[in-house]
Every structure is written in C-alpha cells, then in structure tokens.
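Dear colleague,

I am handing over the structure we spoke about, with the sequence alongside, so that you can look through it at your own pace. My notes on what was found in it follow below.

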Amino acid sequence: MENEKRKMKAFLDKLWQNPAILKASMGKKENQILSFLRENQAQLQKVFASSDYFPNMSWNEAVALLLNELVEKVLESISPKLDRIKQNLLQPALLQQFDSTADIDSDVFKKFLVSMMKNKPVRDQYIIVFEMISLEYFERYLPFAFEKRKTIFTEVIRRERLDFNINLVPKYINLIALFRPLYFHKFPYKKGLDQHISLNDAQKDKKLYEQAINGMKDYLEEELGPLPEKIFRPGCESFLSATDNPDISGISRLINIMANRCMDFDPSVKADRGAESPDKSWFNINRRNAKNFGYDVRFLEELYQVAGDKGW
C-alpha cells in the first residue's frame, strides 16, 4: 500500500503544480482538482488501471486514495498558515479579557482545527476564514470605521461592552471568526445522548438552538478547555441572517460580511482606470442586495465609505 500511496502522491503533486491552478486560493485549487477528477473519469480509469499506476486497485479504491491524499495535501499546505494564526491570536492578554483563567493550548487548538477540517464543508469554510485573517481585513478596516463613531463602533464596541484596548479588537474578532465554520459541525449536543446535531440543523427551533449552543459550549470545553461564550458564539452565529435575526451580535454581522467578501476575493483583479476599486465595488453591489444575503446594510454603507476613502 505504501507504494500506491507514493505513486498517488506524485500524481497529485503534478496536478497541484499545474500552472492553471498554481496561484489559485487553497479552496479553489482543491475544488478544481475535484472537477478535473469528475470531468476526466473515463481517461483516468484507464490510466489508473495501467501497470504504471494502480493495476491491483479498483477505480473506487483509487479514487478513495486520491481523495485521502488530496485532503492531506490541503492540510499540509495550510499548516504554516495555522501556525502563524495560533501564535498571533492565542494570547493570554486577549483571552483573559473575558475570563482570568482562560487559556487555550496552541498545539491542542491546532490539532482541533485540523480534525475539524477533515470534513469537506467545514474545511471549505475554514479556508475562507484563514484567507480573511491573512488578508488582515479587520486590521485594515476597523481603525477607520471606529474613527467615524457610527454604526460599526456602536454595535461592535458599545453594544458588546468591549472595554479593553481597542487595538486588540481586530485580533479578538479574528479569534472569534475561527469558530465560524463550527456552525456546520455535527456534535453530541446533549450529554448521555448519542445524537449529533449542528447549529445549522437547529437554527429554526429557538429552544433546540439554545440547547445546541449550550451543548457546543460543553463540547468545546471538553476539546479545548474552558472557553467564554463571547469567543465562540458570535463566530458560529455569523452565518445567521441579520435581517431575520436583528439581535445577533454586531461582531457576527461584521464577520459574515468580511468572510463573504474574502470568498469572492481574487488577487489578480485590478480596477480599470476610472472604475471602482475591488472592495468598494463589492460593498456597493452588496449594499443594494443586503436583505437578500442577510447583511446589515448599515455596516456595508460604512465599509463602502472606508474603501472609497482609501482606494480599496
């Protein structure tokens, strides 16, 4: 089996280095390889059955091996980014603003994130969050939004009663964003019951949803140690529509907008002369369709203004 794994890894490395996808984001690269697999199944069946590849494996076995190696490749490629994120965000000075005993072991947290990313839908969302953190969207936009002392300042600082150093707020929101993908993770939400549920499954039933939130707190405590609800809940709830859930945290609403902006981010796109800059254009389009996507239009208005002022 080791020989087959070595051959599949070499085959996958060639796909990974294909010039057509070399500069694509991690999520797009993985999805394009999966599309290649689907679109070229007939040809790949012949190749894999040849003596140079996997003559002793069925097509399904070869595909399973390829998919397993692809997941490992993605996780291996993400690992350096994860190391930078954990070093930057898992700081006692930040965590202990909410609980003097709060502490998360960085290696345990990394292993937890990697285990969550074994699941494709959750992995897709994590890749977007990592991109958002790496692009420093909150570090760039929040200082200017806070200067305006308008809706974003009111909803993020005053309503959330954040009384710590305002320079820590972008890191705090980045840390919260790391829990956003868990909205789709199925977990045992009640002790003693062998029943798994995701927050997405429970979101239409208010009572069940609160039970699931409490279950998530217990689950995360078991996996990571004591964790303030102010850390994980706004991240998980950033998938909820601001239109349908007007009481959700301003931080949740802000993460939702920025994560979706980063999902559409393409570093190769440059504004034509006289055209709106990429961020400004995105905020402009989405402020006109805010209700349809569950965005807070007031947030989009302010972000649009900042992007316009800064040429972003």
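**Cysteines**

The structure holds zero disulfides. Please keep in mind throughout that this is a predicted model. Cysteine 236 is in no disulfide, and the nearest cysteine sulfur, which belongs to cysteine 262, is 19 Å away, whereas a disulfide would need the two sulfur atoms within 2.5 Å. Cysteine 262 is likewise in no disulfide, with the sulfur of cysteine 236 as its nearest, 19 Å away. As for their surroundings, cysteine 236 is buried, at a relative accessible area of 0%, and cysteine 262 also counts as buried, at 6% relative accessibility.

**The chain as a whole**

The secondary structure of the chain comes to 17 helices and two strands. Its radius of gyration is 22 Å, close to the 20 Å that the globule rule gives for 312 residues, so the chain is as compact as a globular protein of that length. Taken along the principal axes, the C-alpha atoms fill a box of roughly 70 × 60 × 35 Å. Of the 312 residues, 47% count as buried, and the accessible surface comes to about 16,100 Å², of which carbon and sulfur atoms hold 47%. If you look at the contacts in the chain with a separation of 6 or more, 67% of them are between residues 24 or more positions apart.

**The nonpolar core**

In soluble globular proteins, nonpolar side chains tend to be buried together. Here the largest nonpolar core has 101 residues, and the members that touch the most others are Met132, Val156, Ile173, Leu220 and Phe283. The element that gives the most to this core is helix H4 (residues 59–89), with 13 residues. To take one of those well-connected members, leucine 220 touches Phe112, Phe179, Leu182, Gly225, Leu227 and Phe232, when residues up to four places away in sequence are not counted.

**Helices H15 and H17**

Two residues of helix H15 may be worth viewing together. Asparagine 284 lies in this helix and is buried, with a relative accessible area of 11%; leaving aside residues up to four places away in sequence, asparagine 284 touches Glu276 and Tyr304. Arginine 288 lies in H15 too, which covers residues 278–288, but arginine 288 is exposed, with a relative accessible area of 58%. The C-alpha atom of arginine 288 is separated by 31 Å from that of asparagine 167, a residue 121 positions away along the chain.

Helix H17 (residues 297–310) has 14 residues, and from its first C-alpha to its last it reaches 20 Å, close to the 20 Å expected at 1.5 Å a residue. Its buried residues are Phe299, Leu300, Glu302, Leu303, Tyr304, Val306 and Ala307. An α-helix has 3.6 residues a turn, so residues three or four places apart point the same way. Which helices do the buried residues of H17 pack against? They pack against helix H8 (137–148), helix H9 (151–158), helix H14 (250–263), H15 and helix H16 (290–293). Tyr304, which is among the buried residues of H17, is also one of the residues that asparagine 284 touches. After H17 comes glycine 311, whose phi is positive, near 70°.

With best wishes

Methods
Residues are numbered from 1 along each chain as its sequence is written. This is a predicted model: local features need pLDDT of at least 70, side-chain atom pairs count only at pLDDT 80 or more; totals for chains, interfaces and linings use all residues. Side-chain values use heavy atoms; hydrogens and water are left out. Buried means under 20% relative accessible area, exposed over 50%, partly exposed in between (1.4 Å probe, protein chains only). Helices (H or I, at least four residues) and strands (E, at least two) are DSSP runs, numbered from the N terminus. A nonpolar core is a set of buried Ala, Val, Leu, Ile, Met, Phe, Trp, Tyr and Cys residues joined through side-chain atoms within 4.5 Å. Contact means heavy atoms within 4.5 Å. The radius of gyration is taken over C-alpha atoms; the globule rule is 2.2 Å times the number of residues to the power 0.38. Accessible areas come from the Shrake-Rupley method with a 1.4 Å probe; for residues, only the protein chains shown count as cover. The expected span of a helix is 1.5 Å times one less than its number of residues.
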